[in-house]
Structure formats: structure tokens, C-alpha cells
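Me: Please take a close look at one part of this model, its second largest pocket, and then place that part in the context of the surrounding fold.

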Amino acid sequence: MKIINYIIAGKGRVLMLLKSILPWNNILFNYIRIISLKKRYDNAMHFPLKKFDQSEKSLNDYEYSLFSQNGEDGIFNHIFNKIGFTSRKSVEIGFGYKENNSLFLITKHDFESLLIDGQDHNVDVFNFFNNKYLKSKSVAVKSWITKDNINSTIAKYVHDISIDLLSIDIDGNDYWIWEAINSIEPRVVILEYNASFYNNSITIPYDINFDRTNFSNKPRDSHWYHGASLKALTKVSKRKGYKLVGTDSKGINCFFIKDEIVKRYNIKTYEAEEVFKPHYTRVNGLLTKMPMESKKQFEMLKDFRFVKV
């Protein structure tokens with residue numbers, strides 16, 4: 001039944017099924033990935049950067065994607081147009097070889113980035129492409145990130161305390177990893193939130209071996225149990241000295257800026273309830289073929305274990 005549900009869900013879920021069957025990191029597949037990434041890179045190199053807009057608009061008005069998934073590239077461009085760069089260094093925890101939050105900053109703003117992921121093909125393709133085309137000082141490393149190894153992993157490659165950007169998207173222990181990081185002080189932070197947790201201030205319990213595909217929920221063997229809510233991430237970020245400045249229009253990511261930078265540049269900030277947006281794919285039923293509001297989505301998850309924060 002699960003296989004049937006995955007096929008009904010379409011391309012994304014079928015790929016997830018194939019990953020469990022095929023050798024996903026091989027020369028042929030990686031060659032195809034590199035060609036695909038090169039096309040995206042060529043398009044990005046000819047894309048003119050938007051100039052700074054001083055009007056007080058929502059972050060969503062600045063969204064566009066060259067390498068990002070949900071308009072993050074445009075949001076980064078707007079934020080850094082306003083606050084400027086310092087180190088031009090970033091750390092990204094959880095990334096795709098051609099869809100991530102680092103490539104835009106590397107190609108358009110000469111960043112030196114550390115990218116960390118648990119999948120061989122993402123790491124291998126990025127490093128090959130970087131060495132052949134980008135020729136930046138960036139590096140991708142394979143690591144299964146935990147609270148115990150995150151700071152030592154970062155410190156091995158990043159020797160600045162203050163960096164411009166930290167991105168976390170690991171579909172699991174996101175809250176706990178962000179809480180544990182003390183080896184760097186990013187000026188801007190982007191975190192993935194789980195809109196299916198609705199307006200509850202919750203996260204999954206810390207589990208060093210957490211894999212969202214081990215937890216299925218209705219409808220159609222979905223995997224909505226992962227990560228933390230927007231409220232929970234806003235709370236931990238506030239404790240670490242960051243203010244929420246917005247979310248993307250697809251209800252996936254939230255953006256934070258250090259308190260002193262917010263004050264210096266008079267940046268508008270929000271509470272979680274003000275900028276919460278539903279998960280676009282889930283609320284419209286793009287994979288399940290069953291549209292469902294966020295509150296109802298949480299009803300499908302309420303019997304799983306949570307930690308209130």
C-alpha cells in the first residue's frame with residue numbers, strides 16, 4: 001500500500017522510494033546532476049542582482065530563486081543589501097547539490113561556505129562542481145550532525161566566530177542543533193519550520209538517529225512529523241539573541257537577525273503568529289491529492305511524541 005501511495009504522490013515521493021533501492025551515488029547519476037547544476041549556474045551568472053529597495057515591504061515581496069527552493073535567494077539579497085556583509089562566510093547544515101542557500105551567495109557575493117550533509121551525492125557533486133567551476137574556498141563535508149559533534153565539525157573548517165549566515169534544514173533535530181551551536185555567531189539565520197505543527201510551541205524530542213521517513217501519518221503515508229514549529233524556533237532564537245524578521249511565502253523557512261543588527265538598521269520584527277504561513281504543498285494537497293488546513297494536519301500528528309518549549 002505504501003508503494004501505491006508513493007506513486008500517487010508523484011515525482012518527489014517516487015524518488016524517495018528509488019533512493020532505498022538504487023545505488024544513489026554513482027558516476028552516471030552524478031554526471032547527470034553536474035549537467036543539471038551547470039545549467040542552473042549558467043542562468044544564475046546572467047541574472048542581474050536587484051538593487052536595494054528602501055521601502056518597508058514584506059520579505060515575500062523580494063523572493064526569487066536561482067538556487068534556493070522557496071525564494072530565499074531574493075530574501076538574502078534584500079537583507080544583505082540592507083545590513084551589508086562582514087566575513088562573507090556561511091554555514092549550511094543540510095543541503096541539496098543544486099538546491100540550497102549557499103550557491104547564490106558563493107556565485108553572486110563571493111562567499112566562502114561550509115556545507116554539511118549526510119548524503120554522499122550532495123557532497124561529492126558540490127565539491128566537484130566547486131573545484132571545476134566555482135573555484136571558491138567553499139567545501140562540502142559529509143557528516144551526520146548531532147548536538148555533540150556540531151560545534152567541533154564547524155570549528156574544524158570555520159575559524160571566524162562572527163559569520164554572515166547560518167542555514168539549518170535537516171528535517172529532524174533542527175531545534176536541538178540550533179540550540180547547541182555556540183562555535184559561531186551568525187548575523188542572519190534561516191531555519192526550516194514545520195507548519196504542520198500549526199501554532200503549537202513544540203519540537204520533536206531529540207533523537208540522534210531521527211529519520212522522518214520512519215514516521216508515517218495519514219493521508220497517504222505522509223511524513224509530516226519532523227523538526228519544530230515556528231513558535232518553538234522563535235523562542236529558542238530569542239534566547240540566543242535573535243529576532244524574527246519574516247517567513248517565506250510557501251510556509252517553509254523563517255528568518256532571524258541578531259538583536260543589535262535589528263536595532264542598528266531599524267529592521268521590523270514580528271511574533272510567530274504574525275508571519276506564520278501554512279505549508280504550501282500540504283495545505284493544497286499537491287502530494288496527497290487531499291488539501292488540508294494546518295490545524296487539521298496537526299490532528300494527523302497529535303499522537304506522536306513532542307516536547308513543549
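**The second largest pocket and its setting**

Reply: In this predicted model, the residues lining the second largest pocket divide into nine nonpolar, five polar and five charged. The lining comprises 19 residues in total, and those nearest the centre of the pocket are Glu56, Lys57, Leu59, His78 and Ile267. Helix α4, which spans residues 72–83, gives the most to this lining, with four residues. The volume of the second largest pocket is about 280 Å³.

Turning from the pocket to the fold, one finds an open sheet of seven strands with mixed pairing, arranged in the order β3-β2-β1-β4-β5-β8-β7. The edges are taken by β3 (139–142) and β7 (242–247); each has a single partner strand, so one side of each is left without a neighbour in the sheet. On average, and with direction ignored, neighbouring strands of this sheet are turned by 20 degrees against each other.

Within the sheet, strand β1 (residues 89–93) pairs with strand β2 (residues 112–117) in the parallel sense, over five bridges. Glutamate 92 stands opposite leucine 115, the latter in β2. Strands β2 and β3 are also crossed by a helix: α6 (residues 120–134) lies across both and runs at about 160 degrees to β3.

Charged side chains provide a further set of links. Side chains of opposite charge can pair when their charged atoms come close. The count of salt bridges in the model comes to eleven. One of them joins the side chains of glutamate 271 and lysine 238, with an N to O distance of 3.5 Å. Glutamate 271 belongs to the loop between α10 (259–265) and α11 (272–275), whereas lysine 238 belongs to helix α9 (residues 230–239), so the pair ties together parts that are 33 residues apart in sequence.

Two details of the backbone complete the account. The peptide bond that joins lysine 218 and proline 219 is cis, with omega at about 0 degrees. Proline 219 is located in the loop between β6 (202–203) and α9. The second detail concerns tyrosine 198, which has a positive phi of about 55 degrees although it is not a glycine. Tyrosine 198 is located in the loop between β5 (185–192) and β6.

Key
Residues are numbered from 1 along each chain as its sequence is written. This is a predicted model: local features need pLDDT of at least 70, side-chain atom pairs count only at pLDDT 80 or more; totals for chains, interfaces and linings use all residues. Side-chain values use heavy atoms; hydrogens and water are left out. On a 1 Å grid over the protein atoms alone, a cavity is a set of points where a 1.4 Å probe fits but cannot get out, and a pocket is an open set with protein on both sides within 12 Å along at least five of seven lines; lining residues have an atom within 4 Å of a point. Grid points are joined across faces, edges and corners, and a volume is the space filled by probe spheres set on the points. Helices (H or I, at least four residues) and strands (E, at least two) are DSSP runs, numbered from the N terminus. Ala, Val, Leu, Ile, Met, Phe, Trp, Tyr, Cys and Pro count as nonpolar, Asp, Glu, Lys and Arg as charged, and the others, Gly among them, as polar. Two strands pair if DSSP finds at least two bridges between them. Axes are lines fitted to C-alpha atoms, for helices over the stretch in contact, and angles run from 0 to 180 degrees between N-to-C directions. Contact means heavy atoms within 4.5 Å. A salt bridge is a side-chain nitrogen of Lys or Arg within 4 Å of a carboxyl oxygen of Asp or Glu.
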